[in-house]
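Have the sequence and the model open side by side for this one. We'll take a stroll through a few spots worth clicking on.

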Amino acid sequence: MTKSSLLLVKVPDGYAQEREYILRVLLQEWLGQQIAIERHAEPHTAITVAGHPARHLRIADVLFQTSSTNWLRPPSLPARPLCWWHVSQELPEARVCDSGLPLLYVPTPTPAPVVRWDTDGAFIGFDLLGSCFFLLTRYEECVTADRDAHSRFPAHASIAYQEGFLMRPLVNEYLEILWVVMKRLWPFLSRPEREYRVTPTHDVDWPAVGYYVPWSLVVRGAVGDLWRRRSARLALQRVRAKVQADFSIDPANTFEWLMTLSEQHHLRSEFYFIADHTAGIRDGVYTLEQPFIRTLMRQIHQRGHLIGLHPSYESYRSVEQIALELHRLRATAESLGCVPPRWGGRQHYLRWENPTTWQAWEDAGMDYDSTLGFADHVGFRCGTCFEYPVFNLKTRARLRLRERPLIVMERTLFDYMSLSMTAAAEVLCLLARRCRMYGGELVLLWHNSYLLTETWRQIYREVLRLLLEK
């Protein structure tokens with residue numbers, strides 16, 4: 001266990017809650033240091049180490065200099081095009097994804113070099129803290145009005161996509177810059193070690209596609225099997241499961257297969273269940289009271305995997321609806337003796353509104369969310385592959401709820417982005433390499449109903465192999 005140091009942090013006036021939040025996430029939670037925060041009259045953040053007052057680190061302050069009238073308004077967004085910094089020329093030991101690093105918030109004029117050294121310490125000439133705050137809180141999603149057909153903020157509307165860094169965990173890169181500078185100033189500092197891990201998650205939208213499903217949907221699915229998927233065998237399996245009323249032969253019943261594969265790789269899968277049905281879109285039409293669902297949940301728990309909540313389509317703006325659905329799932333889990341150590345999950349269709357949905361999850365009593373990945377493009381929506389506590393930009397409060405960002409969804413790769421397996425493999429290897437670089441968590445979403453054929457099961461095997469390959 002590493003021994004932490006006490007960092008004395010002095011910050012400018014204004015945005016006290018926002019400043020404390022980002023300082024505690026970066027310095028305390030992620031770098032493992034203790035911090036004491038106080039205000040000063042200088043226009044930058046200053047850090048010293050208790051007992052070592054001779055050296056200091058100063059960090060430029062830009063975002064938190066925004067006037068209250070412009071906060072959460074377009075003038076507070078990063079100026080475009082972004083400045084790019086050739087990190088390797090100044091900090092060759094910094095672990096970054098590429099030698100060129102985009103800088104979100106920089107003073108005017110931009111300092112050169114970006115990191116300046118003197119006899120007393122160092123100055124980081126871009127707003128590292130404000131930039132991390134911007135990404136972790138999804139600030140731009142409270143400002144930019146773009147939404148897709150499902151009322152989701154699309155990847156193409158994000159600064160990360162437009163400026164070409166969505167595939168980089170930029171917050172982790174900024175954290176490395178901060179740590180390298182701190183280590184040069186105070187070589188005795190140490191931080192906790194992190195280990196890369198892959199977390200397979202499975203939204204249970206359609207636990208079956210024949211067994212209990214209405215005949216109209218079975219027939220429509222079978223037609224799709226014949227015409228689009230060119231598989232008479234799959235169509236027959238679907239119909240047979242319906243006729244024989246047998247869940248064990250339903251082609252979407254891939255749960256045992258998924259758990260076995262996870263166990264072979266020493267992974268623990270998470271299965272997120274729908275607990276109610278709201279308007280807007282047709283989902284798996286099952287209920288938690290159905291015996292086959294209860295048996296499935298019990299089997300998941302007995303094998304050491306986790307259950308979680310998959311709130312329904314229209315729930316993302318309603319604390320009452322999310323609380324109702326969590327209550328139903330919790331009651332079912334308690335009756336079956338399969339309560340997880342933490343309650344988490346993901347919104348149906350990745351529908352999420354900032355900060356409404358986070359606050360609804362908090363108020364409902366959820367422990368963690370894993371909704372935040374873009375539906376239309378894989379990558380680092382939150383700028384990080386670390387779990388972290390979230391912040392409500394409207395109430396200006398840190399929440400108990402934690403976010404575990406979603407990095408890859410299979411539908412994103414193969415439907416939205418229309419990648420071939422070869423192209424998808426390159427993307428997956430890149431994402432895995434970058435998560436591994438920082439000892440992060442690669443959260444993967446793969447629906448049980450996306451494994452209807454042996455071809456897709458083989459693709460999933462290959463995906464796990466690529467993500468776990470060293």
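## Helix H11 and what comes after

Let's start just past a helix: H11 is followed by Gly365, whose phi is positive, near 100 degrees. Helices here are DSSP runs of H or I with at least four residues, strands are E runs of at least two, and both are numbered from the N terminus. Helix H11 itself covers residues 356–364 and is mostly covered, with 7 of its 9 residues buried. Buried means under 20% relative accessible area, exposed means over 50%, and partly exposed is in between, using a 1.4 Å probe and protein chains only. The buried residues of H11 are Thr357, Trp358, Gln359, Ala360, Trp361, Glu362 and Ala364.

A word on ground rules: this is a predicted model, where local features need pLDDT of at least 70 and side-chain atom pairs count only at pLDDT 80 or more, while totals for chains, interfaces and linings use all residues. Residues are numbered from 1 along each chain as its sequence is written, and side-chain values use heavy atoms, with hydrogens and water left out.

## Two nonpolar cores

A nonpolar core here is a set of buried Ala, Val, Leu, Ile, Met, Phe, Trp, Tyr and Cys residues joined through side-chain atoms within 4.5 Å. The largest one has 147 residues, and Leu57, Leu128 and Phe273 touch the most other members. Helix H5 (residues 170–185) gives the most to this core, with 11 residues. Apart from it lies another core, of 6 residues, among them Leu350, Ala375, Leu406 and Val443.

What is Phe273 in contact with, leaving aside its neighbours within four places in sequence? The partners include Val204, Tyr286, Leu288, Ile293, Met297 and Leu329, with contact meaning heavy atoms within 4.5 Å.

## H6 against H7

Helix H6 (residues 215–227) packs on helix H7 (residues 232–244) at an angle of about 165 degrees, their axes 7 Å apart. That makes H6 roughly antiparallel to H7, a label for angles over 145 degrees (under 35 is roughly parallel, 65 to 115 roughly perpendicular, and the rest oblique). The axes are lines fitted to C-alpha atoms, for helices over the stretch in contact, and angles run from 0 to 180 degrees between N-to-C directions.

On the H6 side, the contact residues include Trp215, Val218 and Leu226, and H7 brings in residues including Leu234, Arg238 and Val243. The residues of this contact split into 9 nonpolar, 1 polar and 3 charged. In that tally, Ala, Val, Leu, Ile, Met, Phe, Trp, Tyr, Cys and Pro count as nonpolar, Asp, Glu, Lys and Arg as charged, and the others, Gly among them, as polar.

## Thr412, tucked away

Thr412 sits in helix H12 (residues 410–416). Is Thr412 buried or exposed? At 0% relative accessibility, Thr412 counts as buried. Its C-alpha atom is 5.5 Å from that of Asp376, though the two residues are 36 apart along the chain. Beyond its neighbours within four places in sequence, Thr412 is in contact with Phe374, Ala375, Asp376, His377, Val378 and Met417.

## Backbone oddities

Two peptide bonds are worth a click: Thr108 to Pro109 is cis, with omega near -5 degrees, and Ala112 to Pro113 is cis with omega near -5 degrees. Pro109 lies in the loop between strand S6 (100–103) and strand S7 (115–118), and Pro113 is in the loop between S6 and S7.

Tyr349 isn't a glycine, yet its phi is positive, near 65 degrees; at 26% relative accessibility, Tyr349 counts as partly exposed. Ser418 has a positive phi too, near 55 degrees, and is found in the loop between H12 and helix H13 (421–437). At 55% relative accessibility, Ser418 counts as exposed.
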